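Hello,

Here is the structure I promised to pass on to you. Have a look at it first, and then read my notes below.

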Amino acid sequence: HADALLFTEEKICRVLSGNHPRALVLLDVAVPQKLEAPEYDSPSSRKNQFVWAGVLEPHKGLEIALRAYAKAFGSLPDRPVFKVMGAGSGLDLARQLATSLGIADAVEFLGSVSQPRLWEEMRQSRGFVFTSVRDTCGSVNLEAMACRTPVVASNVGGIPEVVVPGETGLLVDLVLRPGTFDPIDPEGFSASLAAAINRVGMDPALQRTFGERGRARVEAHFS
């Protein structure tokens, strides 16, 4: 018999631990210490842009993010820039998709960037988009929150244990086909994600509120 059961997600702990007296959730994430510096605790002037960051592989959902961005802003003459940071085998496909969606001129593929560059882009953005379809918590969401940047993310894994919907950002429910990285209802998910991105992008007051609460949550629980 085990002396204790350790989990990285509250949801998994509830499902698997039964009534074990020492079932512990170890959400072993914290923001890098540099993000606790005063310069990251001050509001930055926001540019007309969103940021996505992660490896360019299927489980990170960049294709979903690009389709949602096109639905949210594709027809606007002053649409935000969508900055993609990261490298991976999906780069060429992502470029092709952006072209086919008619948003190639608004999407910047920046490749791998340093943490300070990522944080500065986050601070200047209207929102951070995180579309992973499989993740424990997505520590990069904490980095965005520390930078006072609203988060729009998929509601999977341990992400809702980090991002509080309606308080530090918006979460979009996602159900996958068994054994795949594909949503059961890709059009519905894309539309819901687009609506969430649009809601954050068009509301400066909401950006400030989510940003302030996100920073406060990081300081209280993840520093």
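A word on terms before the strands: two strands count as paired if DSSP finds at least two bridges between them. Helices (H or I, at least four residues) and strands (E, at least two) are DSSP runs, numbered from the N terminus. Please keep in mind that this is a predicted model, where local features need pLDDT of at least 70, side-chain atom pairs count only at pLDDT 80 or more, and totals for chains, interfaces and linings use all residues. Residues are numbered from 1 along each chain as its sequence is written, and side-chain values use heavy atoms, leaving out hydrogens and water.

Now the sheet. Strand 7 (residues 151–155) runs parallel to strand 8, and 5 bridges join the two. Across this pair, Asn155 stands opposite Asp173 in strand 8. Both strands belong to an open sheet of 6 strands, with parallel pairing and the order 5-4-3-6-7-8. Its edge strands, each pairing on one side only, are strand 5 (107–111) and strand 8 (169–173).

Helix 4 (residues 115–123) packs on the sheet, touching strand 3 (49–53), strand 4 (81–85), strand 5 and strand 6 (127–130); contact here means heavy atoms within 4.5 Å.

What about the lining of the largest pocket: how many of its residues are nonpolar, polar and charged? There are 11 nonpolar, 5 polar and 5 charged, where Ala, Val, Leu, Ile, Met, Phe, Trp, Tyr, Cys and Pro count as nonpolar, Asp, Glu, Lys and Arg as charged, and the others, Gly among them, as polar. A pocket is an open set of points on a 1 Å grid over the protein atoms alone, where a 1.4 Å probe fits, with protein on both sides within 12 Å along at least five of seven lines; lining residues have an atom within 4 Å of a point.

Best wishes

Conventions. Axes are lines fitted to C-alpha atoms, for helices over the stretch in contact, and angles run from 0 to 180 degrees between N-to-C directions.
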